[in-house]
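Here is a short briefing to read with the model open beside you. It goes from one buried residue out to the empty spaces, the packed cores and the cysteines.

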Amino acid sequence: RDLFYTPMEKQKAADIVKEYVDDDFILTVGSINARKNLLGMLKAYAKLEKRPKFVVIGNGHEYRKLCEKFIQEKNLKNDVIIIDNIHEGYVLQAFYTCAKILMYPSYYEGFGLPVVEAALQRCPIITSNVSSLPEAAGNGAIQVAPNDIKNMSSSLHRLLTDTQECTYLGQKAYE
């Protein structure tokens, strides 16, 4: 994953990502299972009054069906984009480069590689305050309890409406 250490030019990244999404978006990356907490992220996202798209890169089975049911019930079908897998590293890097925010409030991680990959692209991060994620994020991320939907949602709102804080957090994450 050496390519993540060389920043991608924003326009090149936007050209790559527009094949999948052509609006602003929040991103999450990882398998769609209960410990990754996609349902919690979706609940926080649904509380936003004004929201960009929400791109989910990963695949799953039973838990994914639960998340898709929530998407349907909350009428988020046009807002949430699930991409099963990205096989080319440069495409994933483009997503991190273009994302407004990486959401990664997992209940448990061995390391949390998406947090580090996003940080290398100066992407603002909201992650968990548990497991290995505080160490992976350092002081360059907003850390929330993975079951605190209200705090997750207010953190999303804050970053989406405060571009200065968003830029500052992305730079802190990179450092």
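Let's start with L38, which sits in helix α2. This is a predicted model, so please read every value below as computed from it. L38 has a relative accessible area of 4%, so the residue counts as buried.

**L38 and its surroundings**

- Once neighbours within four places in sequence are set aside, L38 is in contact with T28, I32, F54, V56, Y63 and C67.
- L38 and M103 are separated by 65 residues in sequence, yet their C-alpha atoms are 9.2 Å apart in space.
- L38 also helps to line the largest cavity, as do its contact partners T28, I32 and V56.

**The enclosed space beside L38**

- Rolling a probe the size of a water molecule over the atoms shows where empty space is left.
- How many cavities of 30 Å³ or more are there? The count is one, and the volume of the largest cavity is about 70 Å³.
- The lining of this cavity is made up of T28, V29, G30, S31, I32, K36, L38, M41, V56, Y104, P105 and S106.
- Two elements, β1 (25-29) and α2 (38-46), each bring at least two residues to that lining.
- By class, the cavity lining has seven nonpolar, four polar and one charged residues.

**The nonpolar cores**

- In soluble globular proteins, nonpolar side chains tend to be buried together.
- The largest nonpolar core in this model has 32 residues, and L27, I57, F95 and L102 touch the most other members.
- Each of α1 (10-17), β1, β2 (53-57), α4 (89-98), β4 (101-104), α5 (113-120) and α6 (133-137) supplies at least two residues of this core.
- Which element gives the most to the core? That is α4, with five residues.
- F95 is in contact with V17, Y20, V21, F25, L27, V55, I57, I83 and I86, leaving aside neighbours within four places in sequence.
- A second, separate core has 28 residues, among them V56, V80, L156 and L159. V56 is the residue met above as a contact of L38 and as part of the cavity lining.

**Helix α4 at close range**

- Seven of the 10 residues of α4 are buried, so the helix is mostly covered.
- Those buried residues are V91, L92, Q93, A94, F95, Y96 and T97, and they pack against α1, β1, β2, β3 (80-83), β4 and α5.
- Is Q93, a residue of α4, buried or exposed? Its relative accessible area is 3%, so Q93 is buried.
- Not counting neighbours within four places in sequence, Q93 is in contact with L3, F4, T6, P7, M8 and Q121.
- T97, also found in helix α4, has a relative accessible area of 5% and is therefore buried.
- T97 touches M8, K10, A13 and Q121, with residues up to four places away in sequence left out. M8 and Q121 are thus contacts of Q93 too.

**The largest pocket**

- The largest pocket holds about 510 Å³ of space.
- Its lining comes to 25 residues, and those nearest the pocket centre are K10, T97, C98, A99 and R122. T97 and K10 touch one another, as noted for helix α4.
- The elements giving two or more residues to this lining are α1, α4 and α8 (163-174).
- With five residues, α8 gives the most to the pocket lining.
- The pocket lining divides into 12 nonpolar, six polar and seven charged residues.

**Cysteines**

- A disulfide is a covalent bond between the sulfur atoms of two cysteines.
- How many disulfides does the structure hold? The number is zero.
- C123 is in no disulfide, and its nearest cysteine sulfur belongs to C166.
- Why is C166 not bonded to C123? Their sulfur atoms are 7.8 Å apart, which is too far for a bond.
- C123 has 1% relative accessibility, so this cysteine counts as buried.
- C166 counts as buried too, because its relative accessibility is 12% and the cut-off for buried is under 20%.

Key. Residues are numbered from 1 along each chain as its sequence is written. This is a predicted model: local features need pLDDT of at least 70, side-chain atom pairs count only at pLDDT 80 or more; totals for chains, interfaces and linings use all residues. Side-chain values use heavy atoms; hydrogens and water are left out. On a 1 Å grid over the protein atoms alone, a cavity is a set of points where a 1.4 Å probe fits but cannot get out, and a pocket is an open set with protein on both sides within 12 Å along at least five of seven lines; lining residues have an atom within 4 Å of a point. Grid points are joined across faces, edges and corners, and a volume is the space filled by probe spheres set on the points. Helices (H or I, at least four residues) and strands (E, at least two) are DSSP runs, numbered from the N terminus. Ala, Val, Leu, Ile, Met, Phe, Trp, Tyr, Cys and Pro count as nonpolar, Asp, Glu, Lys and Arg as charged, and the others, Gly among them, as polar. A nonpolar core is a set of buried Ala, Val, Leu, Ile, Met, Phe, Trp, Tyr and Cys residues joined through side-chain atoms within 4.5 Å. Buried means under 20% relative accessible area, exposed over 50%, partly exposed in between (1.4 Å probe, protein chains only). Contact means heavy atoms within 4.5 Å. A disulfide is a pair of cysteine sulfur atoms within 2.5 Å.
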